[in-house]
Number of protein chains: 4
Amino acid sequence: MNKTRLEAFSDGVFAIIITIMVLELKIPKGTGWEAVKVLLPTLYCYVLSFVFVAIYWINHHHLMHTAKSVTAGMMWANMGLLFCLSLVPFATGWMGENCFERVAVATYGALLITCGLAYTILSSTIQRTHTEDTPLTDAIRKTKPKQYTSVVLYSLSIPMALYVSPLIAELLFVAVAVLWIIPSKEIERALREK
Amino acid sequence: MNKTRLEAFSDGVFAIIITIMVLELKIPKGTGWEAVKVLLPTLYCYVLSFVFVAIYWINHHHLMHTAKSVTAGMMWANMGLLFCLSLVPFATGWMGENCFERVAVATYGALLITCGLAYTILSSTIQRTHTEDTPLTDAIRKTKPKQYTSVVLYSLSIPMALYVSPLIAELLFVAVAVLWIIPSKEIERALREK
Amino acid sequence: MNKTRLEAFSDGVFAIIITIMVLELKIPKGTGWEAVKVLLPTLYCYVLSFVFVAIYWINHHHLMHTAKSVTAGMMWANMGLLFCLSLVPFATGWMGENCFERVAVATYGALLITCGLAYTILSSTIQRTHTEDTPLTDAIRKTKPKQYTSVVLYSLSIPMALYVSPLIAELLFVAVAVLWIIPSKEIERALREK
Amino acid sequence: MNKTRLEAFSDGVFAIIITIMVLELKIPKGTGWEAVKVLLPTLYCYVLSFVFVAIYWINHHHLMHTAKSVTAGMMWANMGLLFCLSLVPFATGWMGENCFERVAVATYGALLITCGLAYTILSSTIQRTHTEDTPLTDAIRKTKPKQYTSVVLYSLSIPMALYVSPLIAELLFVAVAVLWIIPSKEIERALREK
């Protein structure tokens, strides 16, 4: 079946993206606490991006469950999402190496918005193939407010990073991550009932 | 079944090739617009190559659908295609870092021809295992003109890059990509009917 | 089915982690025995970490066998384990490049404890979804003493590395690895009976 | 089923090993023919190693077909083979960068012997689980002479590289590769009859 290979390919790309980021953690020269201290911002960025990519993987997983067939549109929408996500290691490394400099943090925020949009496009492309509503499609539709909130918070993060403080932007990123780590009870139930 | 593992291995290689290219996007030193400006050609090359590898993956996917059994010839033809594609990140990085220098662009064009030939060899190897025609094999056969057009445009890109302007070569690459992004209605229908 | 994709994604991450470590083996400049001698500590670290990741993969494999359904908690517990393991190549490279310096060896030990805890969390999350005991769940429960012994030996390795000798810490790491390479006869039997 | 995951993990590792080697192809500084000329030995090494890993993948594929169940011994024998193969990118890069220096070529030969031994160990571990002979197990057993010839040629390559000429060692490597590219008619038939 078609869908299996699309999932296998996507899983491969997700797995590589999430693991490649650790390559940004460059091995420090010495072993004193100074060497470790330099690592800390990069390590924080890595954890943050790991969580974001993990959230996308979990949601991708739920979304694909509801796909009835694989269309060319769906394949390209999926490629679009994977492309945006494949830029995450780069943006993560840039933000980490520059110790949360304003432009780097704003770029990271902009990338997260782009990923969010790519996900929304994939989501609507898949929904267009639905002929009937299932508990799972309903449950996914109910995550829309969460999606909107995320995009609003990401959008706020850019001016915050540029004109107020990169720290507030980071707090907004963490807030979005927490919002999505809390599992949707409806999706859980819909998956169980399946 | 044999075919599953061939697809799984190929998907793995495709996923790695498409994601490894982002490693060419070296993290710039500063965060000013000058740093970003240097990145732009590499980013364009990455997008272009991402689209090309994605096109190959989608077509590989359709092609494998029509394979009845896995022969040694098919395995080696597949390895040949994967080998050519695995050189794409290298050619992409070379073209990006040298800002579309003539020789680098022509090399990229030559690699795309080689990939096209490797795909054609895989395609005929698989067709030789067919005992009867299905709507999907018919639909794939009808993409032949597209394949020929691509090879002609790629072949044009080499003298264009070397003797006229690398820009025209780039436009030819984009033209081929657009040609393949437009999905084949016949393949879509054949996959749906299956 | 849900579980297949969770396994496929995890397998992808495991495969990348285990192979990425070899990238730490930097190609030496010359080809004399001096060049090779410098490589030896890194090579040893690579073998050790390869064995540890392999042990985790095998146990992950058995554990997933017993999972009835995939819950959000299980997904995040799995992500936690993969995150900890994805830091192994970094810690391995750090330990290798610094020729078993005290702090690097202690950090490696601390990471192994973290991985062990992440595995224990995943293990209990999966056990909570069990409704009845099978020979396999019983056999896995009987590996608990091994888990405790490992954590105790890892914990010992940190003060040993810092205050006594990194060599003793390394011996403790090897001891834990040997403990897990010896296959559990009960798991073997339970898998056969399945 | 157990075997699927072992194959999926192995396929992942094979895919990464075969693709990671291209990272050794460092992007040359300029674009003149001098820059390209420096690349040629590395490119040759890459092609050679690609073919070797591909041969192992194809044979691994046939071998796994005959496995009835997955034992702990088989898992570790498989890990041993993957470990040896994961050193191939390193040995390839070392040989390429040093322009076929004697010690590097001999090391490459020694690694190929080790991979061959690891494969033989996996092969006998799997054969021990067989309860009856099938056409495929027979066909695989008949590749034994090929295995012995390979090990003899590899063993010859080491003194040849060290004391006569690295070129002769390279010719021996190519000879072994050609020996395995020619598909075994018996395996082909056995797979078709299955």
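Start by selecting chains A and B together and looking at where they meet. In this predicted model, the contact draws 27 residues from chain A and 23 residues from chain B.

Now keep only the chain B side of that contact in view. Colour three helices of chain B: α1 (2–20), α2 (33–65) and α9 (185–193), each of which supplies at least two residues to the side that touches chain A. Which helix gives the most here? It is α1(B), with nine residues. Try colouring this side by residue class next: you will find 15 nonpolar residues, along with four polar and four charged ones.

Next stop: hide chain B and bring up chain C beside chain A. Here 27 residues of chain C are in contact with 23 residues of chain A. On the chain A side, select α1 (2–20), α2 (33–65) and α9 (185–193) of chain A, the elements that give two or more residues to the side touching chain C. Focus on α1(A), since you will find the largest share of this side there, nine residues. Colour by class once more, and the side of chain A that touches chain C shows 15 nonpolar, four polar and four charged residues.

For the last stops, look at pairs of chains that are not in contact. Show chain B with chain C: no contact joins them, and their closest C-alpha atoms lie 9 Å apart. Then switch to chain A with chain D. How far apart do the closest C-alpha atoms of chain A and chain D lie? They lie 9 Å apart, and no contact joins chain A and chain D.

Note on methods: Residues numbered from 1 in each chain as written. Chains lettered and ligands numbered in written order. Predicted model: local features only at pLDDT ≥ 70, side-chain atom pairs only at ≥ 80, totals over all residues. Contact = placed C-beta atoms within 7 Å. Helix = DSSP H or I, 4+ residues; strand = E, 2+ residues; numbered from the N terminus. Nonpolar A, V, L, I, M, F, W, Y, C, P; charged D, E, K, R; others polar.
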